[in-house]
Amino acid sequence: MRIHLKSKSELDQMRDAGLVAAEILNEMCEAAKPGVSTWELDQIARKGIAKHKVVSAFLGYHGYPAVVCTSINEVVVHGIPRKNEVLKDGDIIGIDFGIYKHGFCADTARTILVGEVSPEKKTLVETARQALENAIELCRPNNRIGDIGHAVQSYAESHGYSVVRQFVGHGTGRQMHEDPQVPNFTDDGRPGSGKRMKTGLVIAVEPMVNAGTPEVEVLDDNWTAVTKDRRMSAHFEHTIAITDDGPWVLTKP
Ligand code: MF3
Ligand code: CO
Ligand code: CO
């Protein structure tokens with residue numbers, strides 16, 4: 001277990017990375033309308049990466065072939081952009097994007113509504129978004145990693161949803177995935193477990209909330225993770241620094 005705490009000047013660099021990631025993610029979200037392909041979203045991100053002279057955190061990661069993950073409807077995470085995958089009215093799409101700037105990673109995701117979306121899907125997306133907000137509030141020195149999992153799980157389950165176990169949040173820094181792991185659940189359903197958070201810790205908190213059961217399966221492309229019951233899933237992610245002044249959401253402008 002190697003946890004790398006960051007200095008104030010390192011956090012300033014990570015903030016710079018976070019703002020670039022947020023800006024490019026926002027461009028993709030604004031472009032995500034009916035008729036647009038997920039490949040086009042990847043193209044937008046590639047242009048943003050070139051414009052800002054930053055480095056993709058995803059491209060080539062364990063052979064991943066794109067700079068963004070695009071996860072529509074029952075896809076939980078790690079959907080690969082494709083030319084022949086076109087957004088339709090009523091879809092929800094999770095867009096997950098990560099870069100390195102100054103050698104530091106910023107990792108952020110959002111699920112958005114495409115055109116006119118059913119109330120059921122809207123409530124799922126809103127619950128996942130709020131679950132992340134609730135978790136962020138707990139990202140403070142001396143609170144525990146398990147407090148995050150408890151916040152996400154208790155909020156999602158109180159709305160009749162489930163949280164994914166198979167993928168978790170993570171520390172981030174010079175590598176996208178650093179220790180500690182940041183689960184969206186706890187083993188006993190209670191807060192107060194896990195390591196204490198310290199000033200200078202940077203974590204990516206990323207609730208994946210399912211309408212049905214928590215189980216996921218990975219498709220034959222070895223990336224696309226879908227819900228086993230093929231019901232909807234929503235994913236949000238921010239990169240957050242733990243500071244003496246409270247949570248610093250590096251990927252929130
Ligand atoms: N950004 C994802 C996460 O939130 C990981 C993506 S892996 C990739 O941890 F290979 F798809 F890039
Ligand atoms: Co991510
Ligand atoms: Co992440």
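Visitor: What makes Asp107, His170, Glu206 and Glu237 count as donors of the cobalt ion (ligand 3)?
Guide: In this predicted model, Asp107 (OD), His170 (NE2), Glu206 (OE) and Glu237 (OE) sit 2.0 to 2.2 Å from that ion. The cut-off for a donor is 2.8 Å, so these atoms qualify. Along the chain, they follow the spacing D-x62-H-x35-E-x30-E.

Visitor: Why is the site of the cobalt ion (ligand 3) called irregular?
Guide: Blame the angles among its six donor atoms, which run from 53 to 174 degrees. An octahedral label wants opposite donors over 155 degrees apart and all others between 65 and 115. An angle of 53 degrees fits neither condition, so the site ends up as irregular. For reference, six ideal octahedral donors would give 90 or 180 degrees.

Visitor: And what makes the arrangement around the cobalt ion (ligand 2) irregular?
Guide: Its six donor atoms subtend angles of 56 to 162 degrees. Again, 56 degrees is outside the 65 to 115 window and not over 155, so octahedral is ruled out.

Visitor: Which protein atoms hold the cobalt ion (ligand 2)?
Guide: Asp96 shows up twice with OD, joined by Asp107 (OD) and Glu237 (OE), at 2.0 to 2.4 Å. Their spacing reads D-x10-D-x129-E.

Visitor: How do you know that aspartate 107 bridges the two cobalt ions?
Guide: Check both donor lists: Asp107 (OD) is there for ligand 2, and Asp107 (OD) is there for ligand 3. That makes aspartate 107 a bridge between ions lying 3.2 Å apart.

Visitor: How do you know that histidine 170 makes a polar contact with ligand 1?
Guide: An N or O atom of the histidine 170 side chain lies 3.1 Å from a ligand 1 oxygen, and the limit is 3.5 Å, so the pair counts. Glutamate 206 passes too, at 2.8 Å from an oxygen of ligand 1, as does glutamate 237 at 3.0 Å. Ligand 1 alone would expose 340 Å², and the protein buries 96% of that.

Visitor: Where does ligand 1 sit, and what kinds of residue form its shell?
Guide: Ligand 1 takes up the space of the largest pocket. Its shell has five nonpolar, three polar and four charged residues. Among the surrounding residues are Phe58, Trp223, His78, His177 and Asp96. Phe and Trp count as nonpolar, whereas Asp counts as charged.

Key. Residues are numbered from 1 along each chain as its sequence is written. Chains are lettered from A and ligands numbered from 1 in the order in which they are written. This is a predicted model: local features need pLDDT of at least 70, side-chain atom pairs count only at pLDDT 80 or more; totals for chains, interfaces and linings use all residues. Side-chain values use heavy atoms; hydrogens and water are left out. A residue is near a molecule or strand if one of its heavy atoms lies within 4 Å of it. A polar contact is a pair of N or O atoms within 3.5 Å; within protein, one must be able to donate a hydrogen and the other to accept it, and residues adjacent in sequence count only if both atoms are side-chain atoms. Accessible areas come from the Shrake-Rupley method with a 1.4 Å probe; for residues, only the protein chains shown count as cover. On a 1 Å grid over the protein atoms alone, a cavity is a set of points where a 1.4 Å probe fits but cannot get out, and a pocket is an open set with protein on both sides within 12 Å along at least five of seven lines; lining residues have an atom within 4 Å of a point. A molecule sits in a cavity or pocket if more than half of its atoms lie within 2 Å of its grid points. Four donors count as tetrahedral if all angles lie between 85 and 135 degrees; four count as square planar and six as octahedral if opposite donors are over 155 degrees apart and all others between 65 and 115; anything else is irregular.
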